[in-house]
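Reader: Hi! I'm in my first year and still learning how to look at a protein. Could you pick a single part and walk me through it closely, then show me how the rest of the picture connects to it?

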Amino acid sequence: MKIQTTRFGEIDVDDKYVFNFTMPILGYNEEEQFVMIESKEASLFKWIQSTHTPDLAFPATVPSFFGIDYIFELPDEAEASLEVKSAEDLVVMNIAKIQSDNPRKTTVNLLAPIVFNITNNKAGQVILSGTGFDVTYPLFKDEEPTKDGE
């Protein structure tokens, strides 16, 4: 699939990286399809890029890459929406907010992970209510959480 992006120009994406969002990203209900893009080989970050809106892309990562212990139980409604048959079929990523003036202040949203079912290419943002997870958790241990995410 060829898609136009403002960040990467026109790119050709293998269908295995195209995901239909059965649970939309908060605030983007009309965006139903995204692709996962690796902008640099072996990068700890990927981009979740809209297939329809060229300037809509979210940086995302896996918290365990940074030593963050992150375990949760997938809510039943999410499991049904994604048609999960096995936990091994899932990839979980978290949207990151990268501070351009100081990347060490990058935070990740642990409260609302993006869950990808790699067997059927369904995905969605899952809200983990009642878990106590933070939406602005510091990615680097030397940075403290902030109240407003900045």
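**A close look at Glu-83**

Author: Happy to! Let's begin with Glu-83, which is partly exposed because its relative accessible area is 40%, a value between the 20% that bounds buried and the 50% that bounds exposed. Please keep in mind that this is a predicted model. To find Glu-83, look in the loop between H1 and strand S7 (90-97).

Now check the backbone there. Phi of Glu-83 is near 55°, a positive value in a residue other than glycine. Why is that worth a second look? Because most residues other than glycine have a negative phi.

Next, follow the side chain of Glu-83. It meets the side chain of Lys-122 in a salt bridge, at 2.6 Å from N to O. Lys-122 belongs to strand S10 while Glu-83 sits in the loop between H1 and S7, so this pair ties together parts that are 39 residues apart in sequence.

Right beside Lys-122 in the numbering you will find Asn-121, in the loop between S9 and strand S10 (122-125). Asn-121 also has a positive phi, near 60°, and it is a residue other than glycine. Asn-121 counts as buried because its relative accessibility is 15%, and the cut-off for buried is under 20%.

Back to salt bridges: the count for this model comes to two. Besides the bridge at Glu-83, there is one between Lys-46 and Glu-38, whose closest N and O atoms are 3.5 Å apart. Lys-46 is partly exposed, since its relative accessible area is 21%. Glu-38 also counts as partly exposed, because its relative accessibility is 41%.

From charged pairs, let's move to charges that gather. Glu-10, Asp-12, Asp-14 and Asp-15 form a patch of negative charge on the surface. One of them, Asp-14, is in the loop between strand S2 (9-12) and strand S3 (18-23). Asp-14 counts as partly exposed because its relative accessibility is 44%.

Strand S3 leads us to the aromatic rings, where the count comes to 10 aromatic pairs. One of these is Phe-19 with Phe-116, an edge-to-face pair with 4.8 Å from centre to centre and 70° between the planes. This pair links distant parts of the chain: Phe-19 is in strand S3 and Phe-116 in strand S9 (residues 114-117), 97 residues apart. Both Phe-19 and Phe-116 are buried.

Another pair, Phe-45 with Phe-66, is tilted, with 5.8 Å between the centres and 50° between the planes. Phe-45 lies in strand S5 (residues 45-50) and Phe-66 in the loop between strand S6 (57-61) and helix H1 (76-81), so the two rings tie together parts that are 21 residues apart in sequence. Phe-66 counts as buried, because its relative accessibility is 15%.

To finish with the rings, Phe-19 and Phe-116 are members of one aromatic cluster, together with Phe-21, Tyr-28, Phe-34 and Phe-58.

Now go back to where we started. Glu-83 has a positive phi, near 55°, and its side chain meets that of Lys-122 in a salt bridge.

Note on methods. Residues numbered from 1 in each chain as written. Predicted model: local features only at pLDDT ≥ 70, side-chain atom pairs only at ≥ 80, totals over all residues. Heavy atoms only, no water. Patch = residues over 30% accessible without salt bridge, like charges linked within 9 Å, V, L, I, M, F, W, Y side chains within 5 Å. Areas by Shrake-Rupley, 256 points an atom, 1.4 Å probe, with all protein chains shown as cover. Salt bridge = Lys/Arg side-chain N within 4 Å of Asp/Glu carboxyl O. Lys, Arg positive; Asp, Glu negative; His and termini not counted. Charge placed at Lys NZ, Arg CZ, Asp CG, Glu CD. Helix = DSSP H or I, 4+ residues; strand = E, 2+ residues; numbered from the N terminus. Buried < 20%, exposed > 50% of the residue type's maximum accessible area, 1.4 Å probe, protein only. Phe/Tyr/Trp six-rings, centres within 6.5 Å; stacked < 30°, edge-to-face > 60°.
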